[in-house]
Amino acid sequence: MSLSGYSALTVDVEDWYHVCGIDQPVVPDRCTWRVAHNIKGILTLLEQHQCKATFFMLGSVAEAMPELAPMIVEKGHEIASHGYSHTLLTDMTKQQFLDELLRTEQVLIDQTGIRPVGYRAPQWSVSDKTPWVDPLLVEHRYLYDSSRNPLPFVGDPSAPRYPYRIDTLSGSLWEVPPLVTKTSLVSLPTGGGWGFRLFPLGLIAATIKAYLRDEAPAVLYLHPREIDPEGPRLQLPVLKRFLAYGTRTDATVRLSELLQRFRFLTLQEMVTTWQPAS
Ligand SMILES: [Zn+2]
């Protein structure tokens, strides 16, 4: 079947306190954790719209809540890896990255019997300081990465907006970037996070249509805390707080609208069908 015309919803399975790059990472009391509750909400929404999504699991979250990954798989969705501890890759050594990759993989295999084939770095932190990421992903049989955001500040504005192959000495894999809206000045983060809740829905829908016209998938990303506007927040400096949490708006309504209007598949379903350009 042709997969052009399909988009993808991706969910980074982490809690409200998983914010990268803060001096003192915190793990608040378990009674404040919201991730399981919010994931159930997302699963219900997906079921209502009969859509399948890709869930990038944080190994530490899967380990602490062993019911989560099986619940997602049971509903027919894909589980992929978001690493273990939510540490920026630029703060890790090659060995630490590999340890986290394998640890998360093992947790997911033990819990679901499924080996993840996709990876996403915390906060798009793959860069030229982490040249070991792609070869290690290939060596460990990952089929795709989704860690490069074609945006200024959080990513690389010159990076391709549409999926492409990355070649390494160990082999190659797909890179699947998130959706952005290109303007003459700067690209806008309309594919997820605070941008998804801030920019007009019409602009996001028009961007999705433009991707689909170019036969590229529009890849949206969502954090469970984004459907939980009343949930707790870390005390952070104003800008960092906005980047981590955005406004206290609920992504559910516009997500529902897009799930209704467009067709969605998992990233695994997509990349296993695409043929590398020869
Ligand atoms: Zn994350």
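Helices and strands are counted here as DSSP runs, with at least four residues for a helix and at least two for a strand. By that count, the protein chain of this predicted model holds 10 helices and 9 strands.

Let's start with the overall build. For 278 residues, a compact globule would have a radius of gyration near 19 Å, and the protein chain comes out at 17 Å, which agrees. The C-alpha trace spans about 50 × 40 × 40 Å along its principal axes. Of the 278 residues, 44% count as buried. Contacts also reach across the sequence: among those between residues at least 6 apart, 75% join residues at least 24 apart.

Now step inside. The largest nonpolar core has 64 residues, and V13, F55, M57 and Y144 have the most contacts within it. A second, separate core of 6 residues includes W16, C20, A244 and Y245. Back in the largest core, which residues does M57 touch, leaving aside its neighbours within four places in sequence? M57 is in contact with V13, A62, A69, I79, A80, S81, H82, T104 and L108.

Two helices are worth a closer look. Helix α1 covers residues 35-49; at 1.5 Å a residue its 15 residues should span 21 Å, and its end C-alpha atoms are indeed 21 Å apart. Its buried residues are V35, N38, I39, I42 and L46. Viewed down the axis of α1, these buried residues fall within an arc of 100°, so they line one face of the helix. On the other side of α1 you will find H37, T44, E47 and Q48, which are exposed. The cover over the buried residues of α1 includes β1 (6-13), α2 (59-64) and α3 (68-74). Just after the helix, Q50 takes a positive phi of about 50°.

Helix α4 (residues 94-112) has 19 residues and reaches 27 Å from its first C-alpha to its last, close to the 27 Å expected. Buried in α4 are F97, E100, L101, T104, E105, V107 and L108. Looking down the axis of α4, the buried residues fall within an arc of 160°, so they too line one face of their helix. Two of them, T104 and L108, are already familiar as contacts of M57. The face of α4 turned away from the buried side carries the exposed residues Q95 and D110. Among the elements covering the buried residues of α4 are β2 (54-57), α2, α3, β3 (78-81) and α5 (133-139). Just after α4, G113 takes a positive phi of about 80°.

How values were computed
Residues are numbered from 1 along each chain as its sequence is written. This is a predicted model: local features need pLDDT of at least 70, side-chain atom pairs count only at pLDDT 80 or more; totals for chains, interfaces and linings use all residues. A nonpolar core is a set of buried Ala, Val, Leu, Ile, Met, Phe, Trp, Tyr and Cys residues joined through C-beta atoms within 7 Å. A residue is buried if 20 or more other C-beta atoms lie within 10 Å of its own, exposed if 12 or fewer, and partly exposed in between; C-beta atoms are placed from the backbone. Two residues are in contact if their C-beta atoms, placed from the backbone, lie within 7 Å. The expected span of a helix is 1.5 Å times one less than its number of residues. The arc is that of the directions from the helix axis to the C-beta atoms. The radius of gyration is taken over C-alpha atoms; the globule rule is 2.2 Å times the number of residues to the power 0.38.
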